[in-house]
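I am opening my notebook to write down what I looked up in this structure, going from the chain as a whole to single places in it.

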Amino acid sequence: MPALIRPAMAVLIALSPLFAASPTSAQVAVPAAAAFSPHTVDPDLPGAAFAVTGNVSGDLRQEIVATGFGRFTSVPGGPPVPPAAGQLSVYHQSGRNLDTWSKRLVFDTDAAIPFPNEPALSDLDRDGDRDIVVPGGFFRCTTACGSLTWWEQRPERSWKRHDVVAPGSTPLFYHRAVVIDFDRDGRRDLVTVGESFQPVTRIEGQPPAHAWIQVFRGTDGPERFSGEPIDIAAGGGALPVVEDIDSDGDLDLASPQYFEPGAGYVWLERTGAPNPDHPMGSFTRHVIDTTQGKAIALRPVRNLFGDGRTTWVGSNHTNTAFPPGSSEPASQVVTFSVPDDPRSPWTPTAVSNGISSRGRPGQAAPGVFGSGDMDGDRDTDLLVSGDGDDRLFWLEQKPNRTFATHVLASRAGQAGGAVVTDLDYRWPWRNEAVFTVFESNSVRLWTRD
């Protein structure tokens, strides 16, 4: 994803990772208000997938934390064979510019973690440094391969492994785990969505589903989390978000959906406090939107339009070019107008232009996105992975809540990360754009000229 998810990445990223990237013919707005220069952080992260940034080492500068799936093996006459295991790396700035980075492995393929997905950084053991949560697995595994591990940072930058869900012990796979005290008991939990290509049953009396919202409850022991999930409800997708959506003072959950049919975006309203029968509380599912098709990302963006309010932004994940005559909705990034009663459907407004997946099976667009001031004009822009579209985009905010779509780079298919952040924290203050690029096995960033 990579990013992700796929990037982030695209939910079907692994179906065609060995295809060479090719430009698309879709047109986007030109010229851009700013120019950007690329920098290579790592030219060889096999199967570069997800990336996040944060202060892992404790100095003022941020590190890049990225996962790699590993290299797929080409088989004549058959689909690519997925790698058996991936790796997790931390990249430290080792010079006075953003061209020099040192790489430190948290784990390599000998950890036997297939498809390590989006890392989450948090001081789980409360010792003053950042630890790393790593969800894992994907439907391309030949056997069950889902996992949920966390890696405790120890002295001299070593790492101790903790298995919440050991690899292969569940039919579900996980792409994101949100570290938060979800039940307000003073201990942080892991809130996630377990997915399956084939529907599975988790809650007695409910039909099987492709996705299940789960919480791994925080504990006081050294492992920090229970290994037995609490199933909240069916539904959701790879990249859930925990947020007080209805502004009533408690925590709800929103999610894009890909495998689960019926709606591209949903949210779960907390309608009852935790109790012995429902340890995480009771929830009611609401449909956000059914017009955008399958989706990959949904998130709140604070003060997007400078009005002090939170705006929800989503990216769907569609392929209008394959198969020929596809009736899937246009590939696009949208902002949502949330009604006074958020239980009603939300109204999407397209803010991107010209993003379109290549005409290949198993690829879709766009991918994950980030937000921040890309061009230095003090408003918030959007940074987008094309994913199945092999370009990277930035959406420049213009007057009247509109955006101009610009190409940041081409030949960067199935990219993840899409992080907007100030990595070096030095004058002149400016944000960088961070991506993993699956199809070139690389970690890259762009600086504003």
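**Overall form**

I first looked up the radius of gyration of the protein chain, which is 20 Å, and this agrees with a compact globule, because a globule of 449 residues would have a radius near 22 Å. I note here that I am working with a predicted model. Taken along the principal axes, the C-alpha atoms of the protein chain fill a box of roughly 60 × 55 × 50 Å. When I went through the secondary structure, I found one helix and 28 strands in the protein chain.

**Surface and interior**

I then asked how many of the 449 residues count as buried, and the answer is 60%. For the outside, I noted that the protein chain exposes about 17200 Å², and that carbon and sulfur atoms supply 49% of this area.

**The second largest pocket**

Next I turned to the second largest pocket, for which I wrote down a volume of about 600 Å³. The pocket is lined by 23 residues, and those closest to its centre are R309, T310, T311, F336 and V338. Looking for the elements that give two or more residues to this lining, I found β19 (310-316), β20 (333-337) and β21 (347-350). I also sorted the lining by class, and it has eight nonpolar, seven polar and eight charged residues.

**N319**

From the pocket I moved on to the loop between β19 and β20, where N319 is found. Is N319 buried or exposed? Its relative accessible area is 5%, and since buried means under 20%, N319 is buried. Leaving out residues up to four places away in sequence, I listed what N319 touches, and the list reads S326, E328, S357, R358, R360, Q363 and A364.

**A85**

My last entry concerns A85, which has its place in the loop between β3 (63-68) and β4 (87-93). A85 has a relative accessibility of 9%, so A85 counts as buried by the cut-off of under 20%. Which residues are in contact with A85, once its neighbours within four places in sequence are left aside? I found F69, G70, T109, A112, I113 and P114. I looked at P114 in particular, and I noted that A85 and P114 are 29 residues apart in sequence, while their C-alpha atoms are 4.0 Å apart in space.

Definitions and conventions:
Residues are numbered from 1 along each chain as its sequence is written. This is a predicted model: local features need pLDDT of at least 70, side-chain atom pairs count only at pLDDT 80 or more; totals for chains, interfaces and linings use all residues. Side-chain values use heavy atoms; hydrogens and water are left out. Helices (H or I, at least four residues) and strands (E, at least two) are DSSP runs, numbered from the N terminus. Buried means under 20% relative accessible area, exposed over 50%, partly exposed in between (1.4 Å probe, protein chains only). Contact means heavy atoms within 4.5 Å. On a 1 Å grid over the protein atoms alone, a cavity is a set of points where a 1.4 Å probe fits but cannot get out, and a pocket is an open set with protein on both sides within 12 Å along at least five of seven lines; lining residues have an atom within 4 Å of a point. Grid points are joined across faces, edges and corners, and a volume is the space filled by probe spheres set on the points. Ala, Val, Leu, Ile, Met, Phe, Trp, Tyr, Cys and Pro count as nonpolar, Asp, Glu, Lys and Arg as charged, and the others, Gly among them, as polar. The radius of gyration is taken over C-alpha atoms; the globule rule is 2.2 Å times the number of residues to the power 0.38. Accessible areas come from the Shrake-Rupley method with a 1.4 Å probe; for residues, only the protein chains shown count as cover.
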